[in-house]
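Okay everyone, thanks for coming. Could you pull up the structure on your screens so we can walk through it together?

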Amino acid sequence: MASIEDPDRIAETELETAVALARRIGHAISGAVEVRPELLDQALVCIAAEGHILLEDLPGVGKTTLARAIARSMELQFARVQCTADLLPADVVGTNVFNQRESRFEFRPGPIFANVVLVDEINRASPKTQSGLLECMQERSVTVDVHTHELARPFVVLATQNPVEFEGTYPLPEAQVDRFMARLSLGYPSAAGEVAMLRAHEAGDRVGLVEPVATAAELLMVQEAARRVYASDALRTYVVSLLGRTREDPRVELGASPRAGLLLLRAAKARALLRVRDHALVDDVQVLAPVVLAHRIVLAPEAMEASGERIVADALAMTPAL
């Protein structure tokens, strides 16, 4: 745990403020969409950790609705990109337009310059357009005609994709998938939850009724506090050991990358913050490892019965906590 003399030690008021903000956002989201508490918690952790989220599930379970509810719960600029095969990178990041009156080119920013960007059905965009998101999601900037433009802060990409429909889609390359902090899956709601959803939606779209409960300044404060959560060298060693297990598994062709370790540790620190702790624990890493690491695992061709989730579960079981 951080020492009392540590100038970066998080104050008790910061912890309480972060938790209160997360509860307000969570309450606003759950009032608009039927979502499991653990999934909502994972989404809030990613937002606090400045991570991007990939919502992957069957059609009609509420992926887009959840993304819209997250965006509306915060008083931030929101933009939506509906991906199609003919979508161009310039349609997302912007382009230079010639101003005839002033006889010069000027930059017209695209929707990626919003704070919260919903990229709907991302796997329907061409690889060329998908690659346009790489710099945005990693460096938080856009380079157009040798000029670099900084994106807004805070900045989060919420992307959705349908994993069972392949006609007219382009699977995300490993480099693109690796930019997402977590892959979340909603699943079908419980019978009681589905009945409640049918009742609530008879009056119209509940997402449109969501009122913003957080400002940009408040969210930036939480994200800054999450960065300052203490992580011991022993915890970092545990994360590295866990990554090594995924790379050594004979069923794996490509294990978790160093970037995966950075994002896992950042997510663990954010989870600790939202649990009123100024230090991250092994438990934080273990809880978040499946959603942070599983989508980064590339299986060997002969590993027919394995899955990314199974590989991570086995790695967790075989890696002793220090």
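I'll talk about pockets, then cysteines, then aromatic rings.

One thing before we start: this is a predicted model.

So, pockets. Rolling a probe the size of a water molecule over the atoms shows where empty space is left. The largest pocket here comes out at about 640 Å³. Its lining is made up of 27 residues, and the ones closest to the centre are Glu56, Leu172, Val177, Arg183 and His295. Which parts of the fold supply at least two residues each to that lining? You'll want to find strand E1 (53-56), helix H6 (174-177), strand E13 (298-299) and helix H12 (308-318). If you sort the lining by class, you get 13 nonpolar, eight polar and six charged residues.

Now the second largest pocket, with a volume of about 290 Å³. This one has 18 lining residues, and nearest its centre you'll find Glu34, Val61, Gly187, Pro189 and Met197. Helix H7, residues 191-201, gives the largest share of that lining, with four residues. By class, the second largest pocket is lined by eight nonpolar, seven polar and three charged residues.

On to the cysteines. How many disulfides does a search of the whole structure find? Zero. Take cysteine 46: why is there no bond to the closest cysteine sulfur? That sulfur belongs to cysteine 136 and sits 19 Å away, which is too far, because a disulfide needs the two sulfur atoms within 2.5 Å. Cysteine 83 isn't in a disulfide either, and the nearest cysteine sulfur to it, again in cysteine 136, is 12 Å away. Cysteine 83 has 3% relative accessibility, so it counts as buried. Cysteine 46 is also at 3%, so it counts as buried too.

Last topic, aromatic rings. A pair of aromatic rings is described by the distance of the centres and the angle of the planes. Searching the whole structure turns up two aromatic pairs. In one of them, phenylalanine 98 and phenylalanine 105 have ring centres 5.1 Å apart and planes at 65 degrees, so we call the pair edge-to-face. Are those two rings buried or exposed? Phenylalanine 98 is partly exposed, at 42% relative accessibility, while phenylalanine 105 counts as exposed, at 57%. There's also phenylalanine 107 with phenylalanine 113, edge-to-face as well, with 5.6 Å from centre to centre and 65 degrees between the planes. Phenylalanine 113 counts as buried, because its relative accessibility is 16%.

That's it from me, thanks!

Terms used. Residues are numbered from 1 along each chain as its sequence is written. This is a predicted model: local features need pLDDT of at least 70, side-chain atom pairs count only at pLDDT 80 or more; totals for chains, interfaces and linings use all residues. Side-chain values use heavy atoms; hydrogens and water are left out. On a 1 Å grid over the protein atoms alone, a cavity is a set of points where a 1.4 Å probe fits but cannot get out, and a pocket is an open set with protein on both sides within 12 Å along at least five of seven lines; lining residues have an atom within 4 Å of a point. Grid points are joined across faces, edges and corners, and a volume is the space filled by probe spheres set on the points. Ala, Val, Leu, Ile, Met, Phe, Trp, Tyr, Cys and Pro count as nonpolar, Asp, Glu, Lys and Arg as charged, and the others, Gly among them, as polar. Buried means under 20% relative accessible area, exposed over 50%, partly exposed in between (1.4 Å probe, protein chains only). Rings of Phe, Tyr and Trp (its six-membered ring) pair if their centres lie within 6.5 Å; planes under 30 degrees apart count as stacked, over 60 as edge-to-face and the rest as tilted.
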